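Hi everyone, thanks for making time today. I'd like to walk you through one structure, a piece at a time. Here it is on the screen.

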Amino acid sequence: MDGLMMDFPLTLDALLRRAETIHGGREVVSRLPDRSWHRTDLGSVAARSKCLAQALQKLGVTDGDRVGTLCWNHFRHLEAYFGIPIGGAVLHTLNLRLSPQELAHIINEAADKVVIVDESLLSVWEAVRPLVAVEHVIVCAETDQVPPGMLNYETLLAECDPATFVQPALREKQAASMCYTSGTAGKSKGVAYSHRAICLHTLAAGLTSSFELYERDCVLPVVPMFHVNAWGLPYVAAMCGAKIVFPGPHLDPQSLVEAITQEQVTVSAGVPTVWISVLKELDQNPGRYDVSTVRKIFIGGSALPGSLIESYESRHDIRLVHAWGMTETTPIGTVSYLRHDQHDDPPTQQSEHRARQGTPVPFVEIRAIREEQQVPWDGRSMGELEVRGPWVAESYYQRPDAADRFSPDGWLRTGDIVSIDPRGVMKIEDRVKDLIKSGGEWISSVDLENALMAHEAVEEAAVIAVPDEKWVERPLAAVVVKSNQAVTAEQLREHLLPRVAKWWIPERFEFVSAIPRTSVGKFNKVALRHQLLDA
Ligand code: ADP
């Protein structure tokens with residue numbers, strides 16, 4: 001049929017043009033390693049992104065070449081988010097907390113041609129460099145000095161001119177970026193994001209039922225830019241024209257609250273462990289900080305205890321919004337908002353609703369599978385979550401052996417065990433590998449952890465399975481007690497009794513000083529198992 005719409009490609013250069021022409025004056029603030037503040041705007045970021053694209057062209061980077069970034073969250077990383085893909089190359093964000101061997105494996109598998117490294121991360125890079133064959137290393141430095149054999153980011157950009165950058169024609173299905181899974185569920189695997197996937201994800205993530213960003217907002221992405229596109233926030237903020245505040249390497253709770261207070265942040269995002277420590281900082285220093293500008297904090301990456309939602313709301317008037325996603329889903333898959341008829345429920349019940357992972361965003365579809373059958377959406381039956389949608393990976397980069405992570409009809413098997421209620425609200429009960437199988441039944445370690453963290457003396461709790469002769473597996477709870485507080489295993493059992501099924505209650509409690517963390521700040525249950533069970 002004729003008379004149809006234009007065939008207008010969904011590519012990142014369009015998003016950058018919008019940021020430059022419509023929102024060019026909006027501020028981009030970054031905290032530098034020396035704790036000073038750098039201020040620029042989206043117009044300058046856009047111009048410099050084009051310079052970066054041109055500089056990479058001059059270095060011989062062509063269509064589809066991979067360019068790695070080993071960087072904290074800052075304005076130059078934002079330039080790389082745009083500058084690398086608009087030139088036709090592929091932005092490959094590198095997790096700076098991985099070991100040199102893991103980084104080298106990923107860089108070699110992705111065949112990164114160029115790597116952009118922060119000066120403050122050169123010690124990390126030095127250990128990787130002998131293990132990889134990268135053609136050029138570009139250093140983001142505050143001074144003219146960079147180590148011999150490396151290029152200075154600022155010098156390269158100074159030799160380019162955005163007015164002479166020739167925008168290559170991009171195809172919406174070509175790769176714009178790639179990221180490796182953090183590997184908590186086995187060997188890390190590469191996921192490549194197309195321009196189309198990122199553009200559609202940006203639109204969906206900006207909806208009022210998702211990140212709900214406005215031009216008047218000020219966004220602080222705490223989630224690292226090396227971890228799943230910082231959940232897409234940099235792109236959404238650039239599209240909406242929101243002010244962006246990047247924390248640089250300063251991710252301790254005090255620095256984060258300082259940034260929020262000084263820049264009047266309205267929206268932020270990060271994993272629960274970050275917000276547990278920020279809450280502690282706020283509670284221990286009443287009156288020191290003004291966080292009254294904050295509208296919303298998006299939490300994802302691991303389960304969010306309802307008690308944390310209540311504490312932020314009642315003590316600091318801050319709304320936590322729970323979202324679920326994976327490296328494979330760009331990442332936003334579901335977001336948790338109250339439904340129209342839940343706003344009058346009692347506060348504790350509201351927190352319980354909001355602690356669920358929520359409903360899929362438009363164009364993402366979910367189902368739960370057990371023994372090859374779809375489980376009913378009854379809010380109780382558990383099965384493995386499968387998803388599909390325009391920003392869900394279809395396969396892994398160069399990993400045909402991982403084809404079993406996709407169902408025969410093309411859905412992604414997430415490895416998460418969920419229940420789904422009749423209105424499509426999804427709740428993560430566990431990850432397949434963390435699930436506790438006791439006497440043929442499943443115990444949700446997530447529910448136990450959340451119930452334990454609701455105890456006033458408990459700072460953090462993680463539950464793992466221990467082998468058991470009679471029941472096959474039983475739960476063991478590792479608990480961090482708040483300083484100046486005390487609690488016994490017996491008291492914790494009593495606390496759990498009205499909250500979970502009696503047979504779920506752990507026999508063993510281990511009181512530990514800290515729960516080990518993964519490279520992206522989640523509880524590291526593999527390390528915890530080693531620590532408690534091998535000991
Ligand atoms: P990795 O799989 O290596 O941890 P990802 O960052 O891709 O790396 O993590 C995705 C996983 O994180 C999901 O499969 C899920 O288990 C967990 N996850 C993400 N968001 C949430 C959430 N809101 N609640 C509970 N678990 C979550």
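How many disulfides does the count come to? The count comes to 0 disulfides. Please keep in mind that what you see is a predicted model.

Let me stay with the cysteines for a moment. For Cys-51, the closest cysteine sulfur belongs to Cys-160, and at 5.6 Å it is too far for a bond, because the cut-off for a disulfide is 2.5 Å between the sulfur atoms. Cys-179 is in no disulfide either: the nearest cysteine sulfur there is that of Cys-71, 14 Å away. Are these two buried or exposed? Cys-51 has a relative accessibility of 5%, so Cys-51 counts as buried. Cys-179 comes out at 1%, and it counts as buried too.

Now to helix 1, residues 12-23. A quick sanity check on its geometry: with 12 residues at 1.5 Å a residue, helix 1 should span 16 Å, and the end C-alpha atoms are indeed 16 Å apart, so the two agree. Which residues of helix 1 are buried? They are Leu-12, Asp-13, Leu-15, Leu-16, Ala-19 and His-23. These residues cover an arc of only 160° around the axis, which means they sit on the same side of helix 1. The background will be familiar: an α-helix has 3.6 residues a turn, so residues three or four places apart point the same way. Over on the other side of helix 1, Thr-21 and Ile-22 are exposed. And what covers the buried residues? The cover includes helix 2 (42-58), helix 3 (75-86) and strand 8 (175-180), along with helix 7 (195-205) and helix 8 (233-240).

Next, strand 1. Of its 5 residues, 4 are buried, so strand 1 is largely enclosed by the rest of the structure. Strand 1, residues 27-31, pairs with strand 2, residues 37-41, in the antiparallel sense, over 5 bridges. If you want to trace the pairing on screen, Arg-31 has Trp-37 of strand 2 as its bridge partner, and Val-29 stands opposite Arg-39. The two strands make a hairpin with 5 residues between them, and for those of you who like backbone torsions, Arg-35 in the turn has a positive phi of about 75°.

Strand 1 is also joined to strand 11, residues 243-246, by 3 bridges, and these two run parallel. There, Val-28 stands opposite Ile-244. Strand 11 in turn pairs with strand 10, residues 218-221, in the parallel sense over 2 bridges, and Cys-218 has Lys-243 as its bridge partner in strand 11.

Where does that lead us? To an open sheet of 9 strands, in the order 2-1-11-10-12-13-14-15-16, with mixed pairing. Strand 2 and strand 16 (359-360) stand at the edges with a single partner strand each, so one side of each has no neighbour in the sheet.

There is another open sheet to look at. This one has 5 strands, in the order 18-17-19-20-21, and its pairing is antiparallel. Its edges are strand 18 (373-374) and strand 21 (426-431); each has a single partner strand, so one side of each is left without a neighbour in the sheet. Inside that order, strand 19 (residues 383-388) and strand 20 (residues 412-420) pair over 4 bridges in the antiparallel sense. One of the positions to find is Gly-383, whose bridge partner in strand 20 is Val-418.

I'll finish with a single residue, Asn-95. Where does Asn-95 lie? In the loop between strand 4 (90-93) and helix 4 (100-110). Asn-95 has a relative accessible area of 9%, so it is buried. Leaving aside neighbours within four places in sequence, Asn-95 is in contact with Leu-103, Phe-226, Ser-519 and Val-520. With Ser-519 there is a polar contact of 2.9 Å, side chain to side chain. The side chain of Asn-95 also reaches the backbone nitrogen of Arg-97, at 2.9 Å. As for Met-239, 144 residues away along the chain, its C-alpha atom is separated from that of Asn-95 by 25 Å.

That's my tour. Thanks for listening, and I'm happy to go back to any part of it.

How values were computed
Residues numbered from 1 in each chain as written. Predicted model: local features only at pLDDT ≥ 70, side-chain atom pairs only at ≥ 80, totals over all residues. Heavy atoms only, no water. Buried < 20%, exposed > 50% of the residue type's maximum accessible area, 1.4 Å probe, protein only. Contact = heavy atoms within 4.5 Å. Polar contact = N/O pair within 3.5 Å; in protein donor to acceptor, adjacent residues only side chain to side chain. Pairing = 2+ DSSP bridges. Expected span 1.5 Å × (residues − 1). Arc of directions from axis to C-beta.
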